[in-house]
Amino acid sequence: MNVYDSDKMADVLRQSHGFELTKNAEEANLLLVNTCSIREKAQEKVFSQLGRWKLLKDGNPELLIGVGGCVASQEGSKIMDRAPYVDMVFGPQTLHRLPKMYDDAIHSNESSIDISFPKVEKFDTFPKVQDADPSAFVSIMEGCSKICSFCVVPKTRGYEVSREPDQIINEIKDLAKKGVREINLLGQNVNAYRSKNKIGEKLKLADLINLVSNINGIDRIRFTTSHPLQFTDDLIEVYRNPKLANYLHLPVQSGSNRILKLMRRKYKVERYIDRIEKLRIVRPDISISSDFIVGFPGETQKDFEETLKLVDDIGFDQSFSFIYSPRPNTTAAEMEDNVPYEVKLERLQLLQSKINKNAKKISDTMINTTQEVLVEKHSKKDMNQLTGRTENNRWVNFDGPISLIGEFVNIKITEALANSLRGRVFETN
Ligand code: SAH
């Protein structure tokens with residue numbers, strides 16, 4: 001979501017002021033940091049970045065510095081208490097007002113702050129993108145109304161708000177014209193998408209996926225992230241649509257019902273397993289990934305072992321796991337936490353090594369199979385190689401002509417490494 005938001009910041013400033021991005025901070029007129037406050041570590045990085053930029057501003061008084069995103073939303077004017085040289089503070093829902101904030105900041109000695117939640121207003125003002133990569137994010141909803149006890153998102157991005165379907169479809173049609181082949185529908189909780197079409201019929205995420213799949217040129221669809229509570233039967237059914245990638249990221253957080261209750265996730269492990277079993281009837285070989293929080297306040301060894309068991313039972317693919325981080329204004333931050341940090345760290349390492357082993361096993365079974373890969377760019381390490389993603393979200397590196405970028409290509413997998421695959425072109429579609 002932050003990648004998408006950062007692109008939009010660049011788009012609005014390009015349109016209003018003709019600004020271009022530079023890789024060199026020293027030649028910039030404006031430095032923006034788009035921040036994340038999901039865990040404390042991400043938040044702390046903001047202030048060290050600002051400290052480095054202050055030195056640039058000392059040498060160039062014309063330079064403006066802005067802080068956007070969830071730390072801005074959470075801290076507001078307190079950002080200036082710690083970093084008084086910051087000129088602009090804006091939240092995830094007000095980034096479209098950047099051009100005006102920039103003008104205000106230039107003409108005044110006062111810092112300009114706008115961290116309000118004007119619903120979906122910002123989507124009405126975004127300019128069309130100039131050029132796009134073969135795979136693009138498109139935001140369909142924002143915010144979250146689930147109020148999990150550990151999570152800061154409802155406070156920083158606000159409650160769930162869905163975009164108009166026509167606006168989403170038009171944005172995707174425009175992207176398709178610019179060569180985009182894969183769309184990742186984005187939101188904090190995309191399966192809470194609720195809207196209506198022109199004739200007043202209700203639309204949910206499954207309907208939207210079917211509409212997107214009818215757009216010429218769009219051949220692969222993903223969505224990120226969804227919540228197990230609203231992973232309803234219609235979403236399982238929509239996996240019959242072949243354009244929907246054979247992959248699902250569905251964060252479970254814990255395998256212990258006791259912890260899930262303390263987290264206020266509002267589902268039990270049994271419900272999660274039931275959803276996956278039903279989905280596997282439609283897509284037997286689907287790849288399932290998840291997010292996990294370890295060391296939630298009061299997590300016992302038994303709770304943790306239930307999480308490990310769930311990893312085996314589901315056979316999770318590449319997943320994300322984090323040590324619980326207390327966040328401001330959340331109820332979990334008030335809970336007594338008697339789990340020592342070393343124990344949390346040990347649990348994290350155990351969980352990660354289990355997940356990584358599972359993922360490697362899945363990668364190994366892909367050797368000698370042919371995978372459909374959307375070729376996205378040159379490989380990072382070797383300019384003579386191309387790279388793209390399989391349906392189950394693995395990067396594959398292979399030799400091939402640059403003309404393949406933006407195409408779906410069948411790749412025979414030859415080798416499975418820890419974080420990527422290698423292969424060779426089998427045939428182009
Ligand atoms: N909407 C998704 C969450 C997306 S945030 C959901 O409800 O499942 C991405 C991940 O960050 C979460 O899934 C969770 O695993 C992690 N996370 C969120 N808050 C956290 C916290 N306070 N401490 C540690 N990890 C956290």
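**Exercise 1.** In this predicted model, state whether Phe 296 and Tyr 324 are buried or exposed, then classify their ring pair.

*Solution.* Step 1: Phe 296 and Tyr 324 are both buried.
Step 2: The ring centres of Phe 296 and Tyr 324 are 5.3 Å apart, and the planes meet at 65 degrees. Planes over 60 degrees apart count as edge-to-face, so this pair is edge-to-face.
Step 3: Phe 296 belongs to the loop between strand S14 (291-294) and helix H13 (301-314). Tyr 324 belongs to the loop between strand S15 (320-323) and helix H14 (341-366). The pair therefore links distant parts of the chain, 28 residues apart.

**Exercise 2.** Find how many aromatic pairs the model has, and describe the one formed by Phe 19 and Tyr 102.

*Solution.* Step 1: The count is five aromatic pairs.
Step 2: Between Phe 19 and Tyr 102 the centre-to-centre distance is 5.2 Å and the angle between planes is 85 degrees, an edge-to-face pair.
Step 3: Phe 19 is in the loop between helix H1 (2-17) and strand S1 (30-35), while Tyr 102 is in helix H5 (residues 98-106), so the pair ties together parts 83 residues apart in sequence.
Step 4: Buried means under 20% relative accessible area. Tyr 102, at 8%, is therefore buried, whereas Phe 19, at 22%, is partly exposed.

**Exercise 3.** Which residues are linked into a cluster by ring pairs, and which ring has the charged end of Arg 39 over it?

*Solution.* Step 1: The cluster consists of Tyr 272, Phe 292 and Phe 316.
Step 2: The charged end of Arg 39 sits over the ring of Phe 322, at 3.6 Å from the ring centre.
Step 3: Arg 222 lies over the face of Tyr 247, 5.8 Å from the ring centre.

Methods. Residues numbered from 1 in each chain as written. Predicted model: local features only at pLDDT ≥ 70, side-chain atom pairs only at ≥ 80, totals over all residues. Heavy atoms only, no water. Phe/Tyr/Trp six-rings, centres within 6.5 Å; stacked < 30°, edge-to-face > 60°. Helix = DSSP H or I, 4+ residues; strand = E, 2+ residues; numbered from the N terminus. Buried < 20%, exposed > 50% of the residue type's maximum accessible area, 1.4 Å probe, protein only. Lys NZ or Arg CZ within 6 Å of the ring centre and 35° of its normal.
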